[in-house]
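Open the model in your viewer and keep the selection panel at hand. The stops below go one at a time.

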Amino acid sequence: MAASLIFLNQLARLTAVRGAILIPFLVILTFLGSYTNNNNIGDIVVMLAFGALGYLMVRFRWPRAPLVLGLVLGTIAERYLWISVARYGGAWLGRPIVLLLLALTLGVVISALLQARRASGGPKTSEAAAAEGAGAR
Amino acid sequence: MRDRKALLFTLVVAVAGVWALAQTAGWPIKAWLYPRVITIPLVALALVETALLLRGRESSESEPVPDIEMDTSVDPSVATRRTLGVITWIAGFFAAVLLVGFQIAVPGFVFAYLRGAGREGWVLSIALALVAVLAFHMLFVSLLHLPLPPGLLWRLLGR
């Protein structure tokens, strides 16, 4: 992080470099970065597969952030899910904090759905319809 | 057409999820618990998306997405050509890494890309290929001592 802050201006200048010059170096770095994970060519294949998946997700407008979060937090989530199940069985779903988190999750989902419905011009209120009618007259 | 491709992608995700679920059959609970917790909602949501697309829901072109978006201002035929071009270059570099190893593939790829796709001059292409060789050897070979695969071609030739 310190190195990033020290070389911030120099790193920002990279955005001014032509794409044709940057692309081969970026491809090489992604290949080497995935290979050095386990010194295994198979990791490059995994990187290419996830690259293709990412491209398709961008193309069909699927959000990528949940996938990345799932991959990053997956190990921790799996560990603690198993600890919870081993300790409480299915009853962990009825614990107060779990219920609170479930309610918060549901709230976020429902509010997003309502916002999307409102943005797409959902059912008009009687006041809005009356205002539109008055405007037309 | 776009929606048909979106439908196909969604169906592929659903089928991959079902396949992953089938793989967990016979596993002990500790092994199958998390994959099933993830995969069952994935399959359910993919099926919901499939149903919505089959019912003729419009593509969400105008809806904002929270991260990067694909540039739709380029002509589709040009975009397809560019995409295929990039895929070919990446596949070519991967094949080169497998066949001749990183040591030759790295400068070869930089030079070929700069001359072929980038239409850069000879001097710049050769100079950047040399920079790539130097940086690669200094960082990954001399400093990190990375065990690099020699390449299938050299193995076949007995080197």
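In what order do the elements of chain A run from the N terminus on? Select chain A and follow the backbone: the order is α-α-α-α-α-α-α. That comes to seven helices and zero strands. Helices (H or I, at least four residues) and strands (E, at least two) are DSSP runs, numbered from the N terminus.

Before moving on, note the ground rules. This is a predicted model, where local features need pLDDT of at least 70, side-chain atom pairs count only at pLDDT 80 or more, and totals for chains, interfaces and linings use all residues. Residues are numbered from 1 along each chain as its sequence is written, while chains are lettered from A and ligands numbered from 1 in the order in which they are written.

**Colour chain A by confidence.** pLDDT is the predictor's confidence in each residue, from 0 to 100. Chain A averages 85, and 88% of its residues score at least 70. Helix 4 of chain A (residues 41-59) has the highest mean, 93. Helix 7 of chain A (residues 126-136) has the lowest, 49. Now select residues 132-137 of chain A: the pLDDT there is below 50, and the stretch has zero contacts beyond near neighbours in sequence. A contact here means two C-beta atoms, placed from the backbone, within 7 Å. Where pLDDT is low, the predicted coordinates should not be read in detail.

**Select helix 6 of chain A, residues 96-119.** Its end C-alpha atoms are 34 Å apart, which agrees with the 34 Å that 24 residues should span at 1.5 Å a residue. The expected span is 1.5 Å times one less than the number of residues. None of its 24 residues is buried, meaning 20 or more other C-beta atoms within 10 Å of a residue's own, with C-beta atoms placed from the backbone. Across the 137 residues of chain A, 5% are buried.

**Show both chains.** The contact takes 26 residues from chain A and 31 residues from chain B. On the chain A side, helix 3 (19-38), helix 4 and helix 5 (65-88) each give two or more residues. Helix 3 of chain A gives the largest share, ten residues. By class, the chain A side has 20 nonpolar (Ala, Val, Leu, Ile, Met, Phe, Trp, Tyr, Cys, Pro), four charged (Asp, Glu, Lys, Arg) and two polar residues (the others, Gly among them).

**Finish on chain B.** Colour domain 1 (2-54) and domain 2 (77-156) of chain B separately. These bounds come from an automatic or database domain assignment. The domain centres, taken over C-alpha atoms, are 37 Å apart. Last, select B:G101, which follows helix 3 of chain B and has a positive phi, near 85°.

Note on methods
Buried ≥ 20, exposed ≤ 12 C-beta atoms within 10 Å, placed from the backbone.
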